[in-house]
Amino acid sequence: MKLYIFGTCSGTEPYPGRHHVGFAVEHCNHLYWFDAGECCSYTAHLMGADLMRIKKIVISHTHMDHIGGLGNLLWTIRKLDGMHHTLVNRDIGLYIPDIRAWKGVETMLRYTEGGFRCDFTISPHEYTNGVLFDDDGLRVTALHNHHLPHEDGAPWRSFGFLIEDGKRRVVYSGDTGGVDDFAPLMPGCDLLLMETGHHHPPEVARELLARNIFPGILAFIHHGRDILDRYDAQVSALNEICPGRWKILNDAETLEV
Ligand SMILES: [Zn+2]
């Protein structure tokens with residue numbers, strides 16, 4: 001499974017060389033997008049991820065560091081498609097846990113230019129726990145987490161994911177309340193994309209080892225202060241705790257698992 005990493009920063013103040021979170025999984029020549037932070041389409045285009053291959057967009061929750069680039073992503077797809085009309089009769093599925101945020105983005109796009117008429121359609125889905133889709137063997141399963149406050153009976157609005165292609169299992173924590181939230185997704189996990197905006201990398205590594213659910217590779221994304229301000233200390237700690245089994249992700253890199 002190949003991943004394109006577009007943005008690796010959490011919702012901090014603007015930070016040199018890092019933008020808000022977003023990545024894509026390549027499968028059967030399509031791109032499946034996860035979160036759409038600022039600049040994701042810009043970074044994707046410059047690193048050679050062909051936006052005409054996008055099939056689905058999955059948003060973990062509707063905080064700005066995860067959807068700030070969504071309008072611009074769709075605008076850029078429409079712009080690029082306008083040159084060759086590759087996307088005639090194609091549909092882009094949008095999976096978002098709060099449809100109200102999409103309604104706002106959709107309204108904004110409609111008043112950008114040309115009524116935002118496109119060759120392609122966009123199909124929004126407000127999702128909850130369970131399998132979101134299974135496309136040619138790529139299955140994505142959502143599991144709610146406790147990043148956002150939640151009242152009994154109300155819809156869950158924040159999720160982590162298991163992404164499987166039959167060979168590899170990737171878990172994306174989303175923004176998470178902690179390891180308890182995504183532990184049910186971890187058995188057999190080859191790659192964990194773990195957010196560090198609300199958690200300390202060495203503590204996460206120790207907990208995963210202690211609970212015997214350490215993934216093949218522990219990759220940190222959605223960086224907070226530990227990575228941004230105390231990078232060398234995190235590297236030293238991780239090299240002691242889990243040498244050779246961790247990675248701190250950067251914008252505009254690809255990853256094979
Ligand atoms: Zn976030």
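Reader: How are the donor residues of the zinc ion spaced in sequence?

Author: In this predicted model, the zinc ion is coordinated by D65 (OD), H66 (NE2), D175 (OD) and H222 (NE2), at 2.1 to 2.2 Å. Along the chain, the spacing of these donor residues reads D-H-x108-D-x46-H.

Reader: What is the arrangement of the four donor atoms around the zinc ion?

Author: The angles subtended by the four donor atoms run from 91 to 169°. Four donors count as tetrahedral if all angles lie between 85 and 135 degrees. The range of 91 to 169° makes the arrangement around the zinc ion irregular.

Reader: Is D65 buried or exposed, and what is the relative accessible area of H66?

Author: Buried means under 20% relative accessible area. D65 has 9% relative accessibility and therefore counts as buried. H66 is buried too, and its relative accessible area is 0%.

Reader: Which strands stand at the edges of the sheet with the order 7-8-9-10-11-12-13?

Author: This open sheet has seven strands, and their pairing is mixed. Two of them have a single partner strand each, so one side of each is left without a neighbour in the sheet. The edge strands are strand 7 (130-135) and strand 13 (246-248).

Reader: By how many degrees are neighbouring strands of this sheet turned against each other on average?

Author: The sheet in question is the open one with the order 7-8-9-10-11-12-13. With direction ignored, its neighbouring strands are turned against each other by an average of 15°.

Reader: Which residue takes a positive phi in the hairpin of strand 7 and strand 8?

Author: Strand 7 and strand 8 run antiparallel and are joined by five bridges; F133 has V140 in strand 8 as its bridge partner. Two residues lie between the strands of this hairpin. The residue with a positive phi, near 50°, is D136.

Reader: What is the bridge partner of H144 in strand 9?

Author: Strand 8 (residues 138-144) pairs with strand 9 (residues 159-164) in the antiparallel sense, over six bridges. In strand 9, H144 is partnered by F159.

Reader: Where do the buried residues of helix 6 fall, seen down its axis?

Author: In helix 6 (residues 201-210), the buried residues are P201, P202, V204, A205 and L208. Their directions fall within an arc of 160°, so they line one face of the helix. The elements covering these residues include helix 5 (179-182), strand 11 (191-195), strand 12, helix 7 (225-229) and helix 8. The answer is thus one face of helix 6, within an arc of 160°.

Reader: Which residue just after helix 6 takes a positive phi?

Author: Helix 6 comprises residues 201-210. Just after this helix, a positive phi of about 60° is taken by N212.

Reader: Against which elements do the buried residues of helix 8 pack?

Author: Q234, A237, L238 and I241 are buried in helix 8. They cover an arc of only 100° around the axis, which puts them on the same side of helix 8, whereas D232 and E240 are exposed on the other side. The buried residues pack against helix 6, strand 12, helix 7 and strand 13.

Reader: At about what angle does helix 8 run to strand 13?

Author: Helix 8 (residues 231-241) lies across strand 12 (217-221) and strand 13. Its direction makes an angle to strand 13 of about 170°.

Reader: What distance separates the C-alpha atoms of A233 and P202?

Author: A233 is found in helix 8 and is partly exposed, with a relative accessible area of 46%. P202 is among the buried residues of helix 6. These two residues are 31 residues apart along the chain, and their C-alpha atoms are separated by 9.7 Å.

Reader: Which strands stand at the edges of the sheet with the order 6-5-4-3-2-1-14?

Author: This is an open sheet of seven strands with mixed pairing. Its twist averages 20° from one strand to the next. Each edge strand has a single partner, so one side is left without a neighbour; the two are strand 6 (121-126) and strand 14 (253-256).

Reader: Is D35 buried or exposed?

Author: D35 lies in the loop between strand 3 and helix 1 (40-46), and its phi is near 60°, a positive value in a residue other than glycine. At 0% relative accessibility, D35 counts as buried.

Technical notes
Residues numbered from 1 in each chain as written. Predicted model: local features only at pLDDT ≥ 70, side-chain atom pairs only at ≥ 80, totals over all residues. Heavy atoms only, no water. Pairing = 2+ DSSP bridges. Helix = DSSP H or I, 4+ residues; strand = E, 2+ residues; numbered from the N terminus. Axes fitted to C-alpha atoms, helices over the stretch in contact; angles between N-to-C directions. Contact = heavy atoms within 4.5 Å. Donors = N, O, S within 2.8 Å, 3.2 Å for Na, K, Ca; no water. Tetrahedral: all angles 85-135°; square planar, octahedral: opposite > 155°, others 65-115°. Buried < 20%, exposed > 50% of the residue type's maximum accessible area, 1.4 Å probe, protein only. Arc of directions from axis to C-beta.
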